Amino acid sequence: MQQEPRVTEEGAGRPTPAEAAASVMPQSPAAPAAAFGSGRPRGLGRPVSGARRRREVIIRNVLFAFSAVSILTTIGIVFALVREAFGFFREVSVFEFLTGTEWTPLFRPPRFGVLPLIAGSVLIAAGAALVALPVGLAAAIFLSEYAHGRVRRIIKPMLEILAGVPTVVYGYFALTFVTPLLRSIWPQIEVFNGASAALVMGVMIIPMVSSLSEDALSAVPSALREGAYALGATRFEVATRTVVPAALSGIFASFILAISRAIGETMIVTIAAGLTPKLTLNPFESIETMTAYIASTAAGDVPHGTVEYQTIFAVALTLFVITLLMNIISNVVLARYREVYE
Amino acid sequence: MTGSPRTRELAGGPGLFNTRHRFRTRVGSAFAVLCFLATVVGIFFLAVLLVDIWRDGAHRLSLDFLRNGQSRFPDRTGIKPALYGSLWVLLITAVVSFPLGVGTAIWLEEYAPNSRLKKLIQTNIANLAGVPSIVYGMLGLAIFVRAMAMGRSVLAAGFTLALLILPVIIIASQEAIRAVPSSIRLGAYALGATRWEMIRHHVLPIALPGILTGTILALSRAIGEAAPLIIVGALAFVPLPPRGLLDDFTVIPIQIFNWVSRPQREFQEIAAAGSIVLLVVLLTLNAAAIYLRNRYSRKW
């Protein structure tokens, strides 16, 4: 409903007294002294007085100002990150930061290679994806293609709860339940390890994959399904060869968003994955992710203005750029590769 | 099977048109079972998590646990400063984010012309929703704590979380407003209402349950967040609940993180007890949201 009513288009100008006198409409109780509308006959009812009109303009402007806050937030994030990171990159070259394989800001001499932190984040996200993508997609197929309305109404809110459990609680669970469980199977696992954090994070992002993928699957028109059935396909074939390919862009978008979420998650990895920046693919060792570095360093109350303080902004900027790129890719995939029906 | 070779071929024999029907239905059933298992695996995991936390922490729950401040001694420590801190932060977050979020949603749905500006704001909100929460913490640290000189206070924390959940509130409110049929709007206009009067008296009352549900869910996300508040500076040892907007504070998730990080077994149990308190608060909020959704939702 975007139709502009006449009232606001006429502007807030106060009509001349002559116009007001010419009006035959009763005076508005909200604005007894104000002039009437533009003099055009409006029939019964309250006239659009100057005061009412001014109120309209004020409210419109206030609401617009509210909308601007979201833009200001983005500007604030970029400004805050870039300003401190800029100070950091005066000390350390961007090249060294992006290609260095050691992250030891507290050693003498310090080394500022962010790759171990990125590798940690990627390892965790990959492990989480290994759990969440197949399970989430299968759950989405079940909910969209197999489950009846009632089953769906019971299961979906339960999956939503899974997404609503605070991440500290997941972190606690990873450290005190999943890690001992894994260690009872493979005793060589360290107390802090990537596997346990990745596993728990994978479960955490299942609802994200399943609900976004289910939206994509449900959006596939049923005519396609009926066509496939008419050609003799079984339910399985309809689901995997007709519906899933038709919804592929939405499914991919949900995958990318879920992985981006896993990269940005902080508490599970800070509690369970360790604080040892290491360039490794071994999920049984203690590692450190970008987010865990930021959280653990900031928790140590670093003094403002030091290089150490600036490192967390440089790492946060890296994290921000990576997740932003992934979100943009997911939007592009959605927009460009969407099959449009009708 | 009788009939011509051609008929036999059609019925599943070897040949060009081989339906292998039995095999295909079996694969199909196996797949259906797998999909069902995938759906329940998350719920099973949730059940294990809840049972585990209950078994670890339930015996630590007591009135004293809710009434006591922090202590080095596991038997005397309590969650009161964190509980009050969470409520303070939640209140500020709600007061800031609700009007901003609903206002933005109203502007986008009811006022914004279909222009590039609207598209820009809409895209921006979608992207903000994907920004990691810890990055909001950095924003809070740089802008609220330092530039605006609020210090490591309840106020800075509330503002930070308000910005964090703003995109969620906006998107939920937009959906609720969009669901109001346009005949309602036209009816209000036909009776001479101005645009704001139409929104205030007709659109908002109808959209309110949806808006409130979305807001409560967003607030329940805020109450579970720890990462941005670690950055804003809530980790300090806080013996007393905050008394003013600029006081030091801690919140339940941070307190849990604090307890988990300690090596003693007792503190792990206390972390579990704290998790139970947090989950109870969350479940209450979620139940309120579900109640609102069911009680007031209307179909048009």
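## Exercises on a predicted two-chain model

The contact between the chains takes 75 residues from chain A and 73 residues from chain B; two residues are in contact if their C-beta atoms, placed from the backbone, lie within 7 Å. This is a predicted model, in which local features need pLDDT of at least 70, side-chain atom pairs count only at pLDDT 80 or more, and totals for chains, interfaces and linings use all residues. Residues are numbered from 1 along each chain as its sequence is written, while chains are lettered from A and ligands numbered from 1 in the order in which they are written.

### Exercise 1. The chain B side

Find the helix that gives the most to the side of chain B that touches chain A, then sort that side by class.

Step 1. Helix 2 (residues 21-57) of chain B gives the most, with 20 residues. Helices (H or I, at least four residues) and strands (E, at least two) are DSSP runs, numbered from the N terminus.

Step 2. This side of chain B has 48 nonpolar, 20 polar and five charged residues. Ala, Val, Leu, Ile, Met, Phe, Trp, Tyr, Cys and Pro count as nonpolar, Asp, Glu, Lys and Arg as charged, and the others, Gly among them, as polar.

### Exercise 2. The largest nonpolar core

Which residues touch the most other members of the largest nonpolar core?

Step 1. Fix the terms. A nonpolar core is a set of buried Ala, Val, Leu, Ile, Met, Phe, Trp, Tyr and Cys residues joined through C-beta atoms within 7 Å. A residue is buried if 20 or more other C-beta atoms lie within 10 Å of its own, exposed if 12 or fewer, and partly exposed in between; C-beta atoms are placed from the backbone.

Step 2. The core has 199 residues, and A:Val200 and A:Ala316 touch the most other members. Helix 5 (residues 115-146) of chain A gives the most to this core, with 19 residues.

Step 3. Leave out residues up to four places away in sequence. A:Ala316 then touches A:Leu81, A:Ile294, B:Ile134, B:Val135 and B:Met138.

### Exercise 3. A residue of helix 5

Place A:Val131: is it buried or exposed?

Step 1. A:Val131 lies in helix 5 of chain A.

Step 2. A:Val131 has 21 C-beta neighbours inside 10 Å, so it counts as buried.

Step 3. Leaving aside neighbours within four places in sequence, A:Val131 is in contact with A:Leu199, A:Gly202 and A:Val203.

### Exercise 4. Helix 10 of chain A

Test the length of helix 10 (residues 235-246) of chain A, then locate its buried residues.

Step 1. The expected span is 1.5 Å times one less than the number of residues. Twelve residues should therefore span 16 Å; the end C-alpha atoms are 15 Å apart, which agrees.

Step 2. The buried residues of helix 10 of chain A are A:Phe236, A:Val238, A:Ala239, A:Val243, A:Val244 and A:Ala246. They cover an arc of only 155 degrees around the axis, so they sit on the same side of helix 10. The arc is that of the directions from the helix axis to the C-beta atoms.

Step 3. Their cover includes helix 5, helix 8 (194-218), helix 9 (222-230) and helix 11 (248-264) of chain A together with helix 2 of chain B.

### Exercise 5. A positive phi

Where is B:Ala149 found?

Step 1. B:Ala149 is in the loop between helix 6 (133-147) and helix 7 (154-178) of chain B.

Step 2. Phi of B:Ala149 is near 55 degrees, a positive value in a residue other than glycine.

Step 3. B:Ala149 has 10 C-beta neighbours inside 10 Å, so it counts as exposed.
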